[in-house]
Amino acid sequence: MKHTIGRLLLFVASALFLAGAFLHAEELTWDNDFSRGLRGWMLGGNAKLKREGAVMYIRLEGPADNGIADCRSPELTLDGAEHEYELSCTYRTDVEQSQLHSGAWSIFSKLDGDKKLVGDWTGLTLGQSAGWTTAKTTVKIPAGTKTFQAGIRVQGRPGKTLDVRTVFLRSIR
């Protein structure tokens with residue numbers, strides 16, 4: 001009898017754990033640990049996948065012409081309703097000052113069915129950090145948005161680098 005109850009409790013605990021993991025996984029839209037490769041991310045100019053021991057990451061190097069080094073996420077197709085996501089990025093960078101459209105940052109592209117911008121350009125600026133650090137933000141998707149895409153950029157900083165190890169996007173509502 002004790003063995004049966006013990007097995008039943010073990011089965012119930014395992015089922016609850018797996019159900020919790022499954023529900024949490026459904027909330028994650030992007031689960032990009034680049035140690036598992038690019039997984040749909042597209043490398044643009046001056047971006048490459050690098051390895052440091054067991055850790056793989058994307059390195060963006062600011063081009064000499066003051067242009068943009070970038071990497072783009074997979075495109076997320078939406079239903080046009082309002083949505084809210086939490087985006088987190090684990091990175092390190094030698095870029096001293098960043099802001100939207102300049103420095104080390106992540107740009108958010110929210111487009112309607114005609115591929116026109118919905119709302120304003122937004123993003124997540126990344127502060128200088130010699131070691132791996134994580135930055136988070138809430139991404140509000142306005143009504144009318146049909147696609148969402150994030151880009152990681154070094155913009156207007158020749159010779160500066162941004163290394164990105166993970167990017168996670170989790171649905172809040």
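**Entry 1. Asp65**

I looked up the exposure of Asp65 in this predicted model. Asp65 has a relative accessible area of 62% and is therefore exposed, the cut-off for that class being over 50%. I placed Asp65 in the loop that joins β4 (55-61) to β5 (68-72). I then checked the polar contacts of its side chain and found that the side chain of Asp65 reaches the backbone nitrogen of Gly67 at 2.8 Å. I also noted a long-range neighbour: Gly156 is 91 residues from Asp65 in sequence, yet the two C-alpha atoms are 8.1 Å apart in space.

**Entry 2. The chain as a whole**

I turned to the secondary structure and recorded one helix and twelve strands. In sequence order the pattern reads α-β-β-β-β-β-β-β-β-β-β-β-β. I noted that 38% of the 173 residues are buried. Of the contacts with a separation of 6 or more, 74% join residues 24 or more positions apart. For the surface I recorded an exposed area of about 9600 Å², with carbon and sulfur atoms supplying 54% of it.

**Entry 3. Strand β8 and its partners**

I asked how many residues of strand β8 (residues 103-111) are buried. The count is nine of nine, and I entered the strand as mostly covered. I next looked for the strands that pair with β8. Strand β11 (residues 147-155) pairs with β8 in the antiparallel sense, over nine bridges. Within this pairing I located Ser106 opposite Ile152 of β11. Strand β9 (residues 122-125) also pairs with β8 in the antiparallel sense, here over four bridges. In β9 I identified Thr125 as the bridge partner of Trp105.

**Entry 4. Gln149**

I stayed with β11 and examined Gln149, which lies in that strand. Is Gln149 buried or exposed? Its relative accessible area is 15%, so I entered Gln149 as buried, given the limit of under 20%. The side chain of Gln149 reaches the backbone oxygen of Ser73 at 2.7 Å. Leaving aside neighbours within four places in sequence, I listed the residues in contact with Gln149; among them are Met42, Arg72, Pro74 and Glu75. The list also includes Ile107, Phe108 and Ser109.

**Entry 5. Aromatic pairs**

I searched for aromatic pairs and found three in the structure. One of them joins Phe34 and Trp41, edge-to-face, at 5.5 Å centre to centre and with 85 degrees between the planes. I checked the cover of both residues: Phe34 is buried at 0% relative accessibility, and Trp41 is buried with a relative accessible area of 4%.

I then looked at Tyr57 and Trp132, whose ring centres are 5.7 Å apart. Their planes stand at 65 degrees, so this pair is edge-to-face, the cut-off being over 60. The pair links distant parts of the chain, with Tyr57 in strand β4 and Trp132 in strand β10 (residues 129-141), 75 residues apart. I entered Tyr57 as buried at 2% relative accessibility and Trp132 as partly exposed at 27%.

**Entry 6. Charges over the rings**

I asked which charged residue sits over the ring of Tyr57. The residue is Arg92, whose charged end is 5.1 Å from the ring centre. For Trp132 I found Arg165 over the face, at 5.0 Å from the ring centre.

Methods:
Residues are numbered from 1 along each chain as its sequence is written. This is a predicted model: local features need pLDDT of at least 70, side-chain atom pairs count only at pLDDT 80 or more; totals for chains, interfaces and linings use all residues. Side-chain values use heavy atoms; hydrogens and water are left out. Buried means under 20% relative accessible area, exposed over 50%, partly exposed in between (1.4 Å probe, protein chains only). Helices (H or I, at least four residues) and strands (E, at least two) are DSSP runs, numbered from the N terminus. Two strands pair if DSSP finds at least two bridges between them. A polar contact is a pair of N or O atoms within 3.5 Å; within protein, one must be able to donate a hydrogen and the other to accept it, and residues adjacent in sequence count only if both atoms are side-chain atoms. Contact means heavy atoms within 4.5 Å. Rings of Phe, Tyr and Trp (its six-membered ring) pair if their centres lie within 6.5 Å; planes under 30 degrees apart count as stacked, over 60 as edge-to-face and the rest as tilted. A charge sits over a ring if NZ of Lys or CZ of Arg is within 6 Å of the ring centre and within 35 degrees of the ring normal. Accessible areas come from the Shrake-Rupley method with a 1.4 Å probe; for residues, only the protein chains shown count as cover.
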